[in-house]
Amino acid sequence: MKIIRRKADLRELTETWRRAGESIGVVPTMGALHAGHLSLVDAAREGTDRVIVTLFVNPRQFNSPQDLENYPRTEESDAAKLMPYGIDVLYIPEPEEIYPEGFATTISITGLTEGLCGATRPGHFDGVATVVAKLLLQTDADRAYFGEKDYQQLQVVRRLATDLDLKTRIIGCPTIREEDGLAMSSRNLRLDAAARDTAPAIRRVLTDTAHAIECGIAVPAALAAAREALAAAGMGEIDYLDLRGDPDLQLMTEANRPARLFIAIWLDGVRLIDNLPVPATQPISTDRPVQPA
Ligand code: AMP
């Protein structure tokens, strides 16, 4: 595994792979790697001849300077975690390789970015789309692997690749969870012990709510019960808890087509996100509120 910090050095290598007819997969990350990221690396290894993992904490996708400052930076242990995976390159670009002096381009995607994290984190997806476009071009990737954990991001990146005629195929990979159901995230490291015990309530309540909706409980009633259950479990403020169409992310009040439940919620000063699929159902009438277990 080579560690490369300059795009010119990366280009030299990708050109030799190209001449040998080899395909290239990329896994973009911001580091603090966990089993979720490593599952994407596994998928890339299976899907392409050569694999590049990128590590870049992208300042443009943070909308709070404090969040950027608090983001874990664990370059050495990240490199050590990747060693057994047999990747070809860990690309850790210097900031000027991504945003050189005079950089003035922003990629902005409408529609998909208007709700969910786009509404609560202004500018976030402009930062994501801009950096992802650069990373896909710099790595010359045939395939790029993204987690369903960040489902809105996955759809935004798909849109970006389609709209800009990028050759890279975007591959979505399932969310990897801790044994207790909490979606793995670099931000989990910031939860104290009590909050870490509370956090699995997110997935539990989402599962119960998805089940209730699937059984025909009206969506507004199911979401109201979910809010109560989250508060009772000791969770903090909810940024959003929505049922949205898949893959267009339009808000839904009836589960009449494939959809997903999306949540962003605060716990112990940490903002956690998760999502789960909800199959289309036929609503039944009920005047009793649903009680998630
Ligand atoms: P990040 O380093 O948080 O920007 O994430 C890099 C990539 O890893 C993104 O495509 C994320 O969606 C993906 N990822 C993060 N957490 C998980 C998880 N628990 N399961 C699967 N993929 C994940």
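In this predicted model, a good place to begin is the bound ligand, where an oxygen atom of the ligand is 3.0 Å from an N or O atom in the side chain of H37. Two further approaches involve the backbone of the protein rather than a side chain: a backbone N or O atom of I176 lies 2.8 Å from a nitrogen atom of the ligand, and a backbone N or O atom of M184 lies 2.9 Å from a nitrogen atom of the ligand. Taken on its own, the ligand has 480 Å² of accessible area, and the protein covers 93% of that area.

The surroundings of the ligand can be described next. The ligand sits in the largest cavity, and the elements that give two or more residues to the shell around it are β2 (24-29), α2 (35-47) and β5 (143-147). Of these contributions, the largest share, three residues, comes from α2. In total, 17 residues surround the ligand, and the closest are M30, G147, D150, I176 and M184, so that I176 and M184, whose backbone atoms were named above, return in this list. When the shell is sorted by class, it has eight nonpolar, seven polar and two charged residues.

From the shell we can turn to single residues, starting with T29, which lies in strand β2, one of the elements that give two or more residues to the shell around the ligand. Is T29 buried or exposed? With a relative accessible area of 8%, T29 is buried, because buried means a value under 20%. The side chain of T29 reaches the backbone oxygen of T54, and the distance given for this contact is 2.8 Å.

A second contact links two parts of the chain that stand well separated in the sequence numbering, since E96 and R6 are 90 residues apart along the chain, while their C-alpha atoms are separated by 9.3 Å. E96 lies in helix α5, which covers residues 95-98, and a polar contact of 3.3 Å joins the side chain of E96 to that of R6. E96 is partly exposed, with a relative accessible area of 40%, because this value falls between the limits of 20% and 50% that separate buried from exposed residues.

The last features concern the geometry of the backbone, and a general rule helps in reading them: most residues other than glycine have a negative phi, and most peptide bonds are trans. Against that background, D140 has a positive phi of about 60° although it is not a glycine. D140 is found in the loop between α7 (124-139) and β5, and at 22% relative accessibility this residue counts as partly exposed. Another residue other than glycine with a positive value is D165, whose phi is near 55°. D165 has its place in the loop between α8 (151-163) and β6 (169-173). How exposed is D165, and what is its relative accessible area? D165 is exposed, with a relative accessible area of 67%, because exposed means a value over 50%.

The peptide bond that joins D246 and P247 is cis, with omega at about 15°. P247 lies in the loop between β7 (238-245) and β8 (259-267), so a reader following the chain in the structure above can look for this bond by going to the loop that comes after β7.

Definitions and conventions. Residues are numbered from 1 along each chain as its sequence is written. This is a predicted model: local features need pLDDT of at least 70, side-chain atom pairs count only at pLDDT 80 or more; totals for chains, interfaces and linings use all residues. Side-chain values use heavy atoms; hydrogens and water are left out. A residue is near a molecule or strand if one of its heavy atoms lies within 4 Å of it. A polar contact is a pair of N or O atoms within 3.5 Å; within protein, one must be able to donate a hydrogen and the other to accept it, and residues adjacent in sequence count only if both atoms are side-chain atoms. Accessible areas come from the Shrake-Rupley method with a 1.4 Å probe; for residues, only the protein chains shown count as cover. On a 1 Å grid over the protein atoms alone, a cavity is a set of points where a 1.4 Å probe fits but cannot get out, and a pocket is an open set with protein on both sides within 12 Å along at least five of seven lines; lining residues have an atom within 4 Å of a point. A molecule sits in a cavity or pocket if more than half of its atoms lie within 2 Å of its grid points. Helices (H or I, at least four residues) and strands (E, at least two) are DSSP runs, numbered from the N terminus. Ala, Val, Leu, Ile, Met, Phe, Trp, Tyr, Cys and Pro count as nonpolar, Asp, Glu, Lys and Arg as charged, and the others, Gly among them, as polar. Buried means under 20% relative accessible area, exposed over 50%, partly exposed in between (1.4 Å probe, protein chains only).
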